[in-house]
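Here are a few exercises for getting to know a new structure. Try each one yourself before you read the solution.

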Amino acid sequence: MTEFYDRLEENFRNSFEPPAPSEDTMDPWGETRIVGKGIPRVDAYERVSGKALFTYDVILPEMVYGAILRCPHAHAMVKRIDTSAAEKMPGVVAVITGSTPGADISWYGAQSKLFDPHCRHQGEEVAAVAAQTPYQAWDAAKAIKVEYEELPFVVDEDSALKPGAPEIHPGGNAAGKPRPQTRGDVEKGFVEADIVLEETFRTPVQMHTTIETHGSVVKWDGEKITVWDSSQGVYDAGLMSFARTMNMPYNNVRFLCPYVGGAFGSKLELGKYTIIAALLSRKASRPVKLMLTREETMLCVGNRPNAKMTVKAGVKKDGTLTALQLTCVFTPGAYSSMAFVGFLFQELYKCPNVMVLESGIYTNAGRSRAFRAPGFPTAAWSLEQMMDMLAEKLNMDPVEFRLKNFTEISPSRRVPYSSAGLKDCIIEGAKKFGWSEAKATKTESGHIKRGVGMAAGLWMMGSGGPPYTAEVRMFADGGVTVKTGAMDLGTGTKTTAAMVAAEELGIPVENIRMINADTAITPYASSSGGSMTLASLAPAVRRGAWLVKRQIFGWAAEILGVTADDLEIRDKSIVSRSNPSKKKTLEEIFRTKGVLDVIAIGNREANPAGKAVMPFSAQFAEVEVNTKTGEVKVVRLVGANDSGRVVNLKSYENQVYGGMTQGLGYALTEKRVMDPQTGKMCNTNLHDYKVPTALDVPVRPEVVPVDLKDNECNNVGCKGLGEPGHVPTAAAIANAIYNAIGVRPTDGPVDNRMILELLSRKRRG
Ligand code: MOS
């Protein structure tokens with residue numbers, strides 16, 4: 001996954017080199033017929049009828065079921081494993097451990113192994129079983145006898161750095177050397193400031209809680225393997241990672257992921273379960289299905305790391321930011337991972353002096369992974385509350401204060417944005433929310449305190465970029481198949497791709513058939529992450545459709561004696577716009593040329609030279625705080641986004657609803673709880689780990705698309721949305737809570753207990 005982000009970085013850098021000159025450049029769309037409308041999912045029927053094939057649904061002849069034996073201790077060394085009893089259990093067809101031939105595979109860089117005898121957190125993989133039924137497999141896994149040497153453990157960052165703390169890796173628990181990243185001189189900035197504030201904020205470990213848990217179904221055919229994987233990418237996260245891990249040629253590996261039931265970053269890397277399923281399957285000579293339980297996913301497939309952020313900020317009387325400083329400490333769990341908390345401080349506002357310092361501390365807990373805009377909602381929690389604090393000290397409206405520090409030039413990249421929509425997001429969002437009126441009216445009824453708050457955000461990727469391809473094929477009857485390696489995260493990728501092809505070809509969406517996420521059939525697409533899918537795929541699809549059209553129009557122009565740019569597709573014919581009597585059916589044209597279909601591969605073009613492409617977001621929240629029970633009810637949420645052109649209004653709104661819902665959970669209820677006495681996670685189920693439900697979200701959240709017609713970012717003009725629509729939510733809610741009760745919720749999540757604690761702190765002064 002770190003590799004995934006490195007690649008994005010590389011794409012970003014490449015975007016500053018001029019794109020290869022091309023004689024056949026496409027013009028930006030003017031008015032569109034289909035794109036921009038709200039269109040139901042092309043696979044809506046499959047989804048609501050239960051026909052959609054999720055990895056969980058795959059059943060193959062002779063298939064057996066895998067189960068993984070996991071370390072029950074927070075920190076232990078495996079001394080001995082005895083599988084003899086398990087092998088004799090009913091239905092068992094294979095048992096594997098780290099000493100099984102081919103199972104000695106390094107993992108997490110080289111920090112661990114597939115089955116590492118040194119178990120650094122509860123739930124680490126120790127052995128695995130395949131059996132006729134899942135129950136037999138779980139029973140047999142329990143029958144494996146393991147002798148552990150339990151080791152002292154540490155599950156909180158403060159204790160992890162104390163002298164004599166148990167070492168999770170040799171050399172101590174500091175995860176790498178922290179490198180400060182600086183712009184300008186913060187000390188000088190603090191001297192220049194009229195007001196300097198400092199505050200410490202904390203955010204919890206948030207779990208991905210995907211509805212479909214992680215897992216794979218694998219099937220060997222000799223040296224070749226087919227893998228159905230609940231994954232974010234059949235190529236990078238799938239085929240390529242798998243082939244490298246198993247030392248196999250790419251061509252012998254086929255990954256499919258027609259549907260996935262949620263991922264949020266947790267399926268952006270190859271899972272141990274996929275390799276374990278492959279090893280079990282090879283040993284058993286049977287297809288193997290290995291799906292994790294909810295509890296396993298809570299322990300072993302990632303989370304959003306917590307953070308302790310100390311923020312110091314300086315501002316002049318007129319509201320000009322002079323310095324921002326962030327010191328952030330987080331835990332990646334037991335293995336190294338990234339945090340990315342600093343970038344928002346470096347990028348969101350025009351501020352000449354910025355210093356960020358991030359450091360990770362190992363603990364005996366599950367490793368973090370990418371999670372919806374990694375680092376950004378966390379950063380917004382502290383930065384956007386600090387902005388609120390500064391605005392109050394300045395006696396300035398938070399909206400005005402943010403606009404004062406708005407910039408059209410990327411502060412960290414030092415080039416202009418292709419479209420700088422933050423200002424419009426703030427203004428349009430405030431208008432929709434009725435910000436000034438809401439701020440001015442303080443209606444309170446007894447113990448229910450009402451408050452409003454806002455926050456801003458952006459996302460560092462979301463530009464998309466090459467390499468990314470789509471195949472477009474038109475049949476002589478006018479039907480079109482679009483093939484892409486992209487998997488549909490649930491964001492509506494298939495629908496938006498079909499809309500783009502239909503728009504460019506001038507045909508109805510119903511005439512498009514989408515084939516996706518099968519490495520044996522569909523061309524390369526990078527993993528669906530970083531909010532890059534639409535902005536990578538849509539331009540590739542448009543390009544492919546355009547190439548098909550150009551080929552056919554070229555033939556028709558010759559046959560009809562008109563110019564190609566005078567032609568359009570109407571029903572199943574090619575017609576001259578200036579003289580509609582000049583027409584030929586597609587059948588006739590194809591027959592004349594001796595072809596039955598026309599196929600083109602559309603490549604994603606390079607990003608614009610000398611421009612930064614980023615999506616922006618501003619959100620507004622209204623809350624009611626019950627000062628007796630501590631309950632916070634979020635009654636209104638407005639999300640305004642600049643994500644370039646809206647492709648499908650329905651999926652656009654869905655993305656922002658989803659982002660705000662997940663942000664609401666991050667603000668109010670979601671946190672991993674580790675038991676300091678046992679080192680184990682307490683809330684490994686959806687009863688004790690509280691994600692928001694329909695009762696917790698505002699009845700009708702509102703979405704404001706700020707459509708700035710970004711004709712520079714790519715040939716469709718769209719930027720990413722899934723992550724930016726999540727970045728400011730929790731911070732906006734925190735600011736609204738402050739507005740309601742007059743005491744600042746620096747530490748999340750702000751659950752009932754936290755509210756009551758804040759109120760009692762306030763009463764005590
Ligand atoms: Mo995302 S966290 O890049 O899937």
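## Exercise 1: a three-stranded sheet

In this predicted model, four bridges join β23 to strand β24 (residues 573–576), and the two strands run antiparallel.

**Task.** Work out the strand order of the open sheet of three strands, and find the helix that packs on the sheet.

**Solution.**
- Start with one rung of the ladder: Leu-567 has Ser-576 in β24 as its bridge partner.
- Now add the third strand. The order reads β23-β24-β25, with antiparallel pairing.
- Look at the ends next: β23 (567–570) and β25 (583–585) are the edge strands, and each pairs on one side only.
- Check the twist, which averages 25 degrees from one strand to the next.
- Finally, the helix. It's α17 (residues 586–593), touching β24 and β25, and its direction makes about 75 degrees with that of β25.

## Exercise 2: a four-stranded sheet

**Task.** Which strands stand at the edges of the sheet that contains β19 and β29, and why is one side of each left without a neighbour?

**Solution.**
- Write down the order first: β19-β27-β28-β29, an open sheet with mixed pairing.
- The edges are β19 (448–458) and β29 (702–705); each has a single partner strand, so one side of each has no neighbour in the sheet.
- On average, neighbouring strands here are turned by 15 degrees against each other, direction ignored.
- Move inward: β27 (residues 616–626) and β28 (residues 632–642) pair in the antiparallel sense over ten bridges. Along that pair, Ala-621 stands opposite Leu-637 in β28.
- Helix α18 (residues 649–668) packs on this sheet and touches β27, β28 and β29, with its direction at about 135 degrees to that of β28.

## Exercise 3: two helices crossing

**Task.** Describe how α11 passes α19, then sort the residues of their contact into nonpolar, polar and charged.

**Solution.**
- Two packed helices are described by the angle between their axes and the distance between the axes.
- For α11 (residues 376–394) and α19 (residues 729–741), the axes come within 8 Å and cross at roughly 35 degrees.
- The crossing is right-handed.
- From α11, the residues in contact include Ala-380, Trp-381 and Glu-384; from α19, they include Ala-730, Asn-735 and Tyr-738.
- Sorted, the contact residues give six nonpolar, two polar and three charged.
- One more look at Tyr-738: Arg-744 lies over its face, at 4.2 Å from the ring centre.

Definitions and conventions:
Residues numbered from 1 in each chain as written. Predicted model: local features only at pLDDT ≥ 70, side-chain atom pairs only at ≥ 80, totals over all residues. Heavy atoms only, no water. Axes fitted to C-alpha atoms, helices over the stretch in contact; angles between N-to-C directions. Left-handed = near helix turned anticlockwise from the far one by under 90°. Contact = heavy atoms within 4.5 Å. Nonpolar A, V, L, I, M, F, W, Y, C, P; charged D, E, K, R; others polar. Pairing = 2+ DSSP bridges. Lys NZ or Arg CZ within 6 Å of the ring centre and 35° of its normal.
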